[in-house]
Structures are given as C-alpha cells and as structure tokens.
Amino acid sequence: MRNYAIGLDVGGTRIRLGLFDENMQLLAEQKYLTDKDATAVELMNFLAQKVNALVEAAGITLGDIRGIGAAFPSSIDSKRGVALESSNIVQLNDQPVRQMLHDRVGVPVYVDNDGNVAALAEHRFGAGRGFDNMIYATLATGIGGGLILNGQLYRGMHGMAGEIGHMFISDSTGYPCGCGVIGCVHSISSGQHMARYAMDRIKEGEESRILDYAGTLSNIDMVAVGKALQMNDPLALEVVNRGAEYLGRMFHSLNQIFDINIFVYGGGITNLGHRFTDRMIASYRHHSLMDQKYPARFLPAELGERGEIIGAALLVP
C-alpha cells in the first residue's frame, strides 16, 4: 500500500525533504544547501536524486509513496504546476516544475508556493490552530505568505494568492526585484535585501561590527547582522529597524484589505529576536487606527524549519 508521503521544500538557501506516514508523523528528514547556480534541469535532477536517497534510506521503495508535495519560493500556477516567477531561484521562472519532477520520480507530484504550504501547516498543527481566518508570513531569504479564509487555503483565480512579499509599499526605496518593481516588501525587508543594504552602507564608509562577523563584504548575511545587533551595533540596528518598519506597513495593508488581524509569522529573519519583531509589531500598531478597537495578534510560528515540509506533505491527498 502507498502509505507514505514526501514533503519537499525548495528554499532560496536550503532544500529540505521529509518522509511522513499516513498519520503525518515525520519518519525521516534530509537537508541540503541550494545551488543557486544550477539550471532548472540540474536542480530537478538533484531533487529526484535526493528523493530516491530518502526513500532508500528508509528501507522502502517509490512504490510505497502515494505522492510528493513540493514547495517552491515562487508564484505558482498550481493548476498547471508551473513556477511563474521566482525571486530567489530565477532559473525556475516559467518552468513546469510539477511535470519535471514527476518525469524523474514517477509518482504523483503536487506543487505550491512555500508560503501557502507553511500556512497550511501552521493552521492544521501550529500557531493558527482554532482560527478560521489567518494570514501567514514567511520572513526569510524572501518574503512570502499564505491566506487562510473561512478555514481554507485561498489560492485566488490563478493559484497565486498570498504573494504578500510583492506588495508595493514604497516608491522611494528598495532594490530591483524579480517581480518587476522596486519598492515591494521583498525588495526592502527580505533577508537577502536587508543584508544587501548593510553591505551598501559599509561600502559608503559606515563602520560596523557586521563586517567583523562576516569577514568580507561579500559574506554579509543576516547571521552577521544578528550577531552585531546583539552588540548594539548602530548599523545593525538601522538595518533591522528599516526592514521591520516596512513589514509593519505590509501587515497594516493586509488588515485593511482582508479585515484579518491574526498574523502568524516564521522564517529565518525572526531569529533576530524580539528587537526585530517588537519593531515590526510597533510599526503595524502605529499605522493602524483599527488596532485600537480590534488589537491584532502576532503569533510566532510553532513548527519552525519543518513547517514547509509538513505543509508540502499535506498537499498529498
């Protein structure tokens, strides 16, 4: 019998795979770094190879797998199984990722956006339990999200709802984004672009301990920023406050559109700690008049790094 499902999360930084039984118990897990220089074909070959390795290590065969749920950091046309736009892995743009993976593994494949699957997981098993309506935000290398409306994941007309990272929030700041604009949330508050902002400020002559922890300009990332933040480094604080401010504005706009004030958030940037999340929440409350009457709840995700592979596995019927 096909009793097992695989959850696959292809992130901008890491790839995770998980093997689940029929009760959604995690039986085995593997992690790898994402090769951002790989072509779409090379990436799919790699994923298929690691799926086979996961199955073999568990002592089962692909015949025991009822399906693979795969999450990508992309706008996904879930009906056609096509990755339309991927800010962090641009080689996936317009690629039929569902068919490409199915051709290599021979079992049913179900694909969706990484924010959507994380929303599914947190709603079913995590911080979103018990809420009919919630908005999930992934704050990581990129900014993503998922919408739970009336207890169901809302995908929109083309399967691409929940792309909150590409909400346009500024016409005066930000970096060019793969979505085609400068000034979306991703272009300002993603880990990728927060680190880039720190790098540019140091290039301009700003002294910072961020460079001490990174070693070189090209190695600056949010881990180095976070270490400098713990030492009260002024530039690290500037970077964090800037990113958090625009995330608060994003949440305010989402509340205005959907009249939902249950926000579940997760992702690597949240490892910056309370000074980041407190500033984000304070920005929301500053901009939201409705918060005085209907205070929002900001809930840290409970499933951690496994949220996406759990949610991806939930895609499998």
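Trainee: Where is arginine 16 found?
Mentor: Arginine 16 is in strand 2, which covers residues 14-20. Keep in mind that this is a predicted model.

Trainee: Is arginine 16 buried or exposed?
Mentor: Arginine 16 counts as buried, because its relative accessibility is 10% and the cut-off for buried is under 20%.

Trainee: Okay, and what does arginine 16 touch?
Mentor: Leaving out residues up to four places away in sequence, arginine 16 touches Gly7, Leu8, Asp9, Gln30, Lys31, Glu305 and Ile309.

Trainee: Which side chain makes a polar contact with the side chain of arginine 16?
Mentor: That would be glutamate 305, at 3.2 Å. Glu305 is also one of the residues in the contact list for arginine 16.

Trainee: What about threonine 270, how many Å separate its C-alpha from that of arginine 16?
Mentor: The two C-alpha atoms are separated by 19 Å, and the residues are 254 apart along the chain.

Trainee: Let's switch to serine 75. Where does it lie?
Mentor: Serine 75 lies in strand 5, residues 75-77. Serine 75 counts as buried, with 10% relative accessibility.

Trainee: And which side chain does the side chain of serine 75 make a polar contact with?
Mentor: The partner is glutamate 163, and the distance is 3.4 Å. Not counting residues up to four places away in sequence, serine 75 touches Glu163 along with Val82, Ala83, Leu84, Glu85 and Met160.

Trainee: New topic: cysteines. How many disulfides does a search of the whole structure find?
Mentor: Zero. Take cysteine 179: the nearest cysteine sulfur belongs to cysteine 177 and is 3.6 Å away, and cysteine 179 is in no disulfide.

Trainee: Why is there no bond for cysteine 184 with the closest cysteine sulfur?
Mentor: The closest sulfur, in cysteine 177, is 3.7 Å from that of cysteine 184, so it's too far for a bond. The cut-off for a disulfide is within 2.5 Å.

Trainee: What about accessibility, is cysteine 184 buried or exposed?
Mentor: Cysteine 184 is buried, at 0% relative accessibility. Cysteine 179, on the other hand, is partly exposed, with a relative accessible area of 30%.

Trainee: I'm looking at phi angles now. What is phi for asparagine 150?
Mentor: Asparagine 150 has a positive phi, about 55 degrees, and it isn't a glycine. Most residues other than glycine have a negative phi.

Trainee: Where does asparagine 150 lie?
Mentor: In the loop between strand 9 (143-149) and strand 10. Asparagine 150 is exposed, with a relative accessible area of 65%.

Trainee: And what about aspartate 259, what is its phi?
Mentor: Aspartate 259 has a positive phi of about 55 degrees too, and is likewise not a glycine. Aspartate 259 is in the loop between helix 8 (234-258) and strand 11 (262-266). At 67% relative accessibility, aspartate 259 counts as exposed.

Trainee: Last topic, pockets. What volume does the second largest pocket have?
Mentor: About 150 Å³. Two elements give two or more residues to its lining, helix 3 (114-125) and strand 10 (152-154).

Trainee: Which element gives the most to that lining?
Mentor: Helix 3, with three residues.

Trainee: And which residues line the second largest pocket?
Mentor: The lining is Leu120, His123, Arg124, Ile148, Gly151, Gln152, Leu153 and Arg155. By type, the lining of the second largest pocket divides into three nonpolar, three polar and two charged residues.

Note on methods: Residues are numbered from 1 along each chain as its sequence is written. This is a predicted model: local features need pLDDT of at least 70, side-chain atom pairs count only at pLDDT 80 or more; totals for chains, interfaces and linings use all residues. Side-chain values use heavy atoms; hydrogens and water are left out. On a 1 Å grid over the protein atoms alone, a cavity is a set of points where a 1.4 Å probe fits but cannot get out, and a pocket is an open set with protein on both sides within 12 Å along at least five of seven lines; lining residues have an atom within 4 Å of a point. Grid points are joined across faces, edges and corners, and a volume is the space filled by probe spheres set on the points. Helices (H or I, at least four residues) and strands (E, at least two) are DSSP runs, numbered from the N terminus. Ala, Val, Leu, Ile, Met, Phe, Trp, Tyr, Cys and Pro count as nonpolar, Asp, Glu, Lys and Arg as charged, and the others, Gly among them, as polar. Buried means under 20% relative accessible area, exposed over 50%, partly exposed in between (1.4 Å probe, protein chains only). Contact means heavy atoms within 4.5 Å. A polar contact is a pair of N or O atoms within 3.5 Å; within protein, one must be able to donate a hydrogen and the other to accept it, and residues adjacent in sequence count only if both atoms are side-chain atoms.
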